[in-house]
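Biologist: I have a model open beside its sequence and would like to learn how to read it. Could we go through it together?

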Amino acid sequence: MRYISTRGEAPALSFGDAMLTGLARDGGLYVPETVPQFSPEEIAAMAGLSYEEVAFRVMKPFVSETFSDEELQGAITRAYAGFGHIARAPLTQLGPNHFLLELFHGPTLAFKDFAMQVIGQLFQIELKRRDQKVTIVGATSGDTGSAAIEAFRGLDNVDVFILFPHGRVSEVQRRQMTTPVEANVHAFALEGDFDDCQAKLKDMFNDFDFRDEVGLAGVNSINFARVLAQIVYYFTAALSLGAPGRPVSFSVPTGNFGDIFAGFLAKEMGLPVERLVIATNHNDILDRCLKAGDYTKRGVTASMSPSMDIEVSSNFERALFWAYGRDGKAVSQLMDELKTTGSFNISENAMGALRAHYDSGSVDEARTLEVIARTYETTGELLCPHSAVGVGVAEDAQARDPATVMVTLATAHPAKFPDAVEKASGLRPALPPRMADLFEREERMTRVPNDLAALETMIKERRRA
Ligand SMILES: *Cc1c(COP(=O)(O)O)cnc(C)c1O
């Protein structure tokens with residue numbers, strides 16, 4: 001299987017090269033040249049298997065030219081061994097035909113662990129095989145950074161630099177990034193918002209001298225390996241609810257579009273997915289775009305669900321690539337337009353292709369609090385604010401289509417956002433015992449300017465040669 005760029009210019013790569021590279025050299029994102037398909041019989045045969053076994057079957061056709069079965073199986077086993085729930089991604093019921101997929105039982109309490117733990121293992125195998133070192137730079141709105149640090153801390157052949165927006169992440173999120181003691185971990189608090197962090201990261205990838213000098217690698221969801229690992233829980237959830245015999249819809253709290261795009265690929269592989277519902281907070285550029293066909297930046301304002309405070313939704317480019325019939329030139333033009341004018345218009349045809357799979361909705365701050373309070377009262381389940389946005393949008397979608405079973409992805413543990421949860425419910429959720437001392441640990445971070453040259457110099461100085 002080869003991986004090609006959404007902008008059509010960069011050379012096709014193997015899975016291993018695409019994983020270690022991250023962003024394509026034409027500025028695009030790697031996607032598989034063809035999507036492997038499962039028959040209904042093959043899907044039915046996965047029912048009742050462990051999470052790890054389903055992960056192996058789903059990921060194998062994408063990676064088999066780079067990793068042997070033993071390597072992939074070992075990586076998956078080690079990746080999920082540290083999770084706090086034997087099912088890894090358990091389902092609970094919220095109401096008639098509405099289920100919550102709990103994706104917060106990993107080491108940093110957000111769904112990002114599902115992919116990051118696997119790619120930490122896959123990077124180790126591949127870097128050792130190639131006798132290569134890399135500098136990972138990641139941009140985070142809060143959860144990717146801690147998940148990446150957790151997956152790569154202490155590794156000899158990796159330095160990890162995480163850029164997060166100063167003052168815009170929750171205290172638990174910040175402490176998870178600033179308290180690891182390993183010398184290969186570097187937390188950078190950038191003067192700016194998440195889109196600034198992500199833009200600086202892209203600029204570093206487009207500075208080929210810097211990129212080659214430090215061996216730059218990316219683990220943001222621009223990295224296809226991240227998206228790949230996230231396909232798995234769409235399968236396990238749907239299988240638990242009667243797939244392939246019964247279609248399932250998903251409501252996905254969305255920022256960078258990585259998680260929901262994994263759901264789209266699950267559908268392309270043959271999983272019967274009815275609707276993929278994009279759930280946004282008041283930073284609703286994706287909802288507006290799905291409704292009106294134009295993607296126009298208006299500026300981000302901070303919300304209770306900071307991991308979704310995003311306006312440049314990087315994986316949306318992958319969705320556009322499919323919507324435009326995999327025309328890299330068309331995608332390239334849209335992305336240039338966005339960079340120069342702050343907006344682009346999507347053609348009628350492409351909008352039709354998007355609407356064939358995706359719905360959307362947004363939930364404001366007041367309703368987020370209301371959903372947290374009401375869900376706790378009616379089910380005993382405490383939702384984090386991101387998951388509450390997903391539940392609110394799912395409720396609207398269910399009003400339109402009550403017959404299809406709906407799964408809302410719970411993307412983080414409520415204890416990661418205790419202030420919002422307490423404000424809504426009066427309850428302050430406790431951290432799981434394994435991280436109960438987080439507030440006593442010493443923090444270590446560097447304030448950095450929103451300036452490419454300064455950042456590159458600091459990274460060069462600090463990385464261990
Ligand atoms: C990252 C994140 C999201 C958004 O996921 P995308 O893949 O960027 O769309 C939603 N909720 C939480 C808690 C997250 O950490």
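Biologist: How exposed is D419, and which cut-offs apply?
Modeller: Burial is judged by relative accessible area: buried means under 20%, exposed over 50%, and partly exposed in between (1.4 Å probe, protein chains only). D419 has a relative accessible area of 56%, so D419 is exposed. A word on the source: this is a predicted model, where local features need pLDDT of at least 70, side-chain atom pairs count only at pLDDT 80 or more, and totals for chains, interfaces and linings use all residues. Residues are numbered from 1 along each chain as its sequence is written, and side-chain values use heavy atoms, with hydrogens and water left out.

Biologist: With which residue does D419 form a salt bridge?
Modeller: Side chains of opposite charge can pair when their charged atoms come close. The rule here asks for a side-chain nitrogen of Lys or Arg within 4 Å of a carboxyl oxygen of Asp or Glu. D419 pairs with R428, and their closest N and O atoms are 3.0 Å apart. R428 is partly exposed, at 47% relative accessible area.

Biologist: How many salt bridges does the rule give?
Modeller: The count comes to 30. One of them joins R153 and E182 (3.3 Å, N to O). That pair links distant parts of the chain, with R153 in the loop between helix 6 and strand 6 and E182 in the loop between helix 7 and strand 7, 29 residues apart. Helices (H or I, at least four residues) and strands (E, at least two) are DSSP runs, numbered from the N terminus.

Biologist: Back to D419: which residues of helix 18 are buried?
Modeller: In helix 18 (residues 418–425), they are P418, A420, V421 and A424. They cover an arc of only 165° around the axis, which puts them on the same side of the helix; the arc is that of the directions from the helix axis to the C-beta atoms. D419 and K423 are exposed on the other side. The buried residues pack against helix 7, helix 16 and helix 17, where contact means heavy atoms within 4.5 Å.

Biologist: And how are the strands of the open sheet ordered?
Modeller: Strands of a sheet pair through backbone hydrogen bonds, either parallel or antiparallel. Two strands count as paired if DSSP finds at least two bridges between them. Here five strands run in the order 8-5-6-7-15, with parallel pairing. Strands 8 and 15 stand at the edges with a single partner strand each, so one side of each is left without a neighbour in the sheet. Strands 5 and 6 pair over six bridges, and I136 has V160 as its bridge partner in strand 6.
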